[in-house]
Amino acid sequence: MTPLESSLVDLYAKDPREPGWLSEARAEALARFRARGLPTSRDEDWRFTSLAPLAPLVLERAHVADADGGAAAALLDRAPGAEGTRLVFLDGRLRPELSRVGALPGGVVVCPLSRALREAPELVRPHLGRLAPPGDHAFVAANAALMADGGFVHLAAGAALDAPVVLVFLASSHRPALASPRTLVVAGEGARATVAEVFLGTEGVYLTNAVTELVLGEGAEVEHLRLQDESRRAFHVGVVAAEQQARASLTAHALSLGGRLSRSELRTRLVGEQASVAANGLYMADGERLVDNFSWVEHVAPRCSTAETYKGVLDGHSRGVFSGRIRVLPGAQKTVARQMNSNLLLSDDAVVDTKPQLEIFADDVKCGHGGTVGQLDEAALFYLRSRGVPAAEARGLLIYAFAGEMVELVRAAALREAARELVAARLPAGARLLEAA
């Protein structure tokens, strides 16, 4: 085993306060992890992403005593949360003084997962681990064995939340540490909500291994945003697993802006007729960083639709990876699916590997996919310069015109504005771009 694998195994400890079913699930997940180990480039789904920089790490749990409250407050300034409910977790523990839960409509529960496990296990147990089983995914198995606190959002049939729920996960440890947040969102029949998960960290070396499960009942409508802007020395793996019943609508945004090595996964199954998913992703990297996006959409029922667009902006010696797969199973007739990955390379040394894939086992479908890689339009750059726009600002304008399209797809205004600021901060003359917007 690598030092990382050994340290993850060593971090496992049985908690006698937990219900027996959860302890058993943790032990089984640990056994799965020990048997499987971390993926390598021989695993097709990890073909372009080497975990070699991770392997030597020896991690420990983040200690609450080490938590830097001042750093946390500074980080929190970058997170959305001007309205609605916001739960803030610092190094894996809820910080009530930084959180806010206002009045919630009837039929809505928003609380830390740890509290839901204690006070409403009947709402948690049927779903926790069902959509993200540890069997075939090493990082999911590690999360299941070592998961700490996270968010729990439960909407009864017909319940609706107008303001977004924002879950903020902050990392402030000065020692190599592991964070294993776990979030469960259950939207009953006809329910509606927007949930954002925001990952921020100070300039330490740490691994965030996050798992989120989204359960969408018939006609439910969920907008989910993952915004990852962690330390440039950090490692991040995040898996979102969803299941959609008939007419359920999921809009999933993945904005990957930070981390030395990060991977964002979306896995969803459309099991009811006329379910739909819109998967939107934006990744930006520079220096020696690597950012990986993986999506897997399975059409089980007929008359469902997928609209998937991912964009990447890569500079320096960075590397981007997009691997997306849409599977249309037999019987999923009348499927409409579109998948597109576009990349903008800002340097000669940036590299992207893009692999959009369709697997179609039905004969009455409309499906298409594609991928592009290009550079900044020199003619457009010249045009802006000829109108007196400084060179840096002209480059920033063109990059934001490309990347900002994904940000503008976020429907919740507060989340969209926070995303705009974080994206613009990475661009030349970013502040002026926001003023002009």
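This report describes the pockets, cavities and nonpolar cores of a predicted model.

Residues are numbered from 1 along each chain as its sequence is written, and side-chain values use heavy atoms, with hydrogens and water left out. In this predicted model, local features need pLDDT of at least 70 and side-chain atom pairs count only at pLDDT 80 or more, while totals for chains, interfaces and linings use all residues.

**Open and closed spaces**

The search uses a 1 Å grid over the protein atoms alone: a cavity is a set of points where a 1.4 Å probe fits but cannot get out, a pocket is an open set with protein on both sides within 12 Å along at least five of seven lines, and lining residues have an atom within 4 Å of a point. Grid points are joined across faces, edges and corners, and a volume is the space filled by probe spheres set on the points. In the table, Ala, Val, Leu, Ile, Met, Phe, Trp, Tyr, Cys and Pro count as nonpolar, Asp, Glu, Lys and Arg as charged, and the others, Gly among them, as polar.

| Space | Volume | Lining residues by class |
|---|---|---|
| Largest pocket | about 940 Å³ | 23 nonpolar, 5 polar, 11 charged |
| Second largest pocket | about 490 Å³ | 14 nonpolar, 3 polar, 12 charged |
| Largest cavity | about 90 Å³ | 6 nonpolar, 5 polar, 2 charged |
| Second largest cavity | about 30 Å³ | 3 nonpolar, 1 polar, 4 charged |

The largest pocket encloses about 940 Å³. It is lined by 39 residues, and those closest to its centre are Arg 26, Arg 93, Met 147, Ala 148 and Asp 149. Elements giving two or more residues to this lining include helix H2 (20–36), helix H4 (113–119), helix H6 (138–146) and strand S10 (206–216); helices (H or I, at least four residues) and strands (E, at least two) are DSSP runs, numbered from the N terminus. H4 provides the largest share, 4 residues.

The second largest pocket holds about 490 Å³. Of its 29 lining residues, Pro 133, Asp 136, His 137, Glu 265 and Arg 267 are the closest to its centre. H6, strand S12 (235–244), strand S14 (261–270) and strand S16 (290–299) each supply at least two residues, and S14 gives the most, with 5 residues.

Over the whole structure, 2 cavities of 30 Å³ or more are found. The largest cavity has 13 lining residues, with Ala 252, His 253, Ala 254, Glu 265 and Leu 266 nearest its centre. Strand S11 (221–229), strand S13 (249–256), S14 and S16 give two or more residues each to that lining. Around the second largest cavity lie Glu 44, Asp 45, Trp 46, Arg 47, Phe 48, Val 321, Ser 323 and Lys 355.

**Nonpolar cores**

A nonpolar core is a set of buried Ala, Val, Leu, Ile, Met, Phe, Trp, Tyr and Cys residues joined through side-chain atoms within 4.5 Å, where buried means under 20% relative accessible area (1.4 Å probe, protein chains only). The largest such core has 49 residues, and Leu 155, Leu 250 and Leu 314 have the most contacts inside it. Strand S15 (residues 276–285) gives the most to this core, 4 residues. Leaving aside neighbours within four places in sequence, Leu 250 is in contact (heavy atoms within 4.5 Å) with residues including Leu 214, Val 222, Ala 242, Thr 268 and Val 277. A second, separate core of 40 residues includes Val 168, Leu 257, Phe 402 and Leu 422.

**Helix H7**

At the N-terminal end of helix H7 (residues 378–386), Asp 377 acts as a cap, with a side-chain oxygen 2.9 Å from the backbone nitrogen of Ala 379. Gly 388, just after H7, takes a positive phi of about 85 degrees.

Terms used. Buried < 20%, exposed > 50% of the residue type's maximum accessible area, 1.4 Å probe, protein only. Polar contact = N/O pair within 3.5 Å; in protein donor to acceptor, adjacent residues only side chain to side chain.
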